[in-house]
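Reader: I am new to this structure and would love a close look at one part of it. Could you pick a stretch and walk me through it slowly?

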Amino acid sequence: GLGDVYKRQKENCTMSFVHLHLHTEFSLLDGACRIKKLVERVKELGQDAVAITDHGVMYGAIDVYRACREAGIKPIIGCEVYVAPRGRTRFQKVHEFDAAFSHLVLLCRNEEGYRNLSYMVSQAFLEGFYIKPRIDLDLLREHCGGLIACSACLGGEVPKLLMAGDYEKAKEAALEMRELFGEDGYYLELQDHGIPVQRQVNGGLIRLHEETGIPLVATNDAHYLRKEDAEMQDTLMCIQMGKTVDDPNRLRMETSELYVKSTEEMAALFPDYPEAVENTVKIAELCNMDFQFGVHHLPEFKLPEGYTDGDAYFQKLCEEGFARRYPGAPAEYRERLAYEMGIIRQMGFVDYFLIVSDFIGYAKRHNIPVGPGRGSAAGSMVSYCLHITDVDPTKYG
């Protein structure tokens, strides 16, 4: 597996830095790291792993995973989520109250973490959407298993409290995160993009680290691949906000340092805290999420009382349906039914047919309109006998 490849790479060469805070083209009209070129750049820089942490969404995860695997780079699946301070569902849609949110970087250690992160991101859209897809502490408390959290950029809760001069509250928030994610599951992000306020925040983060033992991690809030791409990303932001580049009142990045930096550049930013750079490697080693492609994960059909075997129940429903649909039918019809049932069993699709039959039956009993059937399965006798479709395949050849 990928873990073994990564282990071998580690034995052969020292990986000293991994980007763990990065926005691809899937952070729409904000991130400008095109995935194919991102992987090429990471490889060119001699880095063996990279994380994807798009704003509030995960729909770039599979593309990044595939591209990284092809290139022998370890992919780390994550997301920079928006956390609503007053709760994701407790809002009145009053802009000045409900537009508030903090950033938090979440990375998947394993499949449990991926399931939890996927669930939270979905709930952020379904329940918490106001301007942005928002989660909250309640969701985090229930679904923090298998995840690593980092305190994020200046938009994170801890950095925001430090900027406001409320060190004690920042410490309280950081300790709560450590309690949720565990000793090796929460990190304070040191960032330096040449923005003066970041130096103040970093001072606070270092103090927090010294007083609480919460580890530091060095990140660069990467939105584009190279320094010269800053102008392109600035134009993307203008499109997002409906502004022109020369509009004096528009939001603009204060820096052109938001690029995928080399290991040497990152080490030079934090010479007094080499462990913050080394911790990127430690986190990369803890994150081992592999996707399995080409395997069906069909749900299991809940059988009615008296049945322990889905196959037998499937047989019974097909036989009953056949008697209703084809009274006095010739032998070749029954042969066709047996042939189709054999194929469905062989493919492992018995539960699938039972599930579809169940919800179509429910719809018909409750006057919910359904179509007569479409696609290749509309030509199936089993579908016709199970009343999934209303098209007789024998009549129409």
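Author: Happy to! A residue counts as exposed when its relative accessible area is over 50%, as buried when that value is under 20%, and as partly exposed in between. Keep in mind that this is a predicted model.

Let us begin with the loop between helix H15 (350–365) and helix H16 (381–385), where asparagine 367 lies. Asparagine 367 is not a glycine, yet its phi is positive, at about 55 degrees. That is worth a pause, because most residues other than glycine have a negative phi. With a relative accessible area of 72%, asparagine 367 is over the 50% cut-off and therefore exposed.

Now move on to the segment after H16, the place of histidine 387. Histidine 387 is another non-glycine residue with a positive phi, here about 60 degrees. Its relative accessibility is 27%, so histidine 387 counts as partly exposed.

For a helix to set beside these, look at H10, residues 230–241. H10 has 12 residues, which at 1.5 Å a residue should span 16 Å; the C-alpha atoms at its ends are 17 Å apart, so the two values agree. Which residues of H10 are buried? They are Ala230, Gln233, Asp234, Met237 and Cys238. These five cover an arc of only 150 degrees around the axis, so they sit on the same side of H10. After H10 comes glycine 242, with a positive phi near 65 degrees.

Methods. Residues numbered from 1 in each chain as written. Predicted model: local features only at pLDDT ≥ 70, side-chain atom pairs only at ≥ 80, totals over all residues. Heavy atoms only, no water. Helix = DSSP H or I, 4+ residues; strand = E, 2+ residues; numbered from the N terminus. Buried < 20%, exposed > 50% of the residue type's maximum accessible area, 1.4 Å probe, protein only. Expected span 1.5 Å × (residues − 1). Arc of directions from axis to C-beta.
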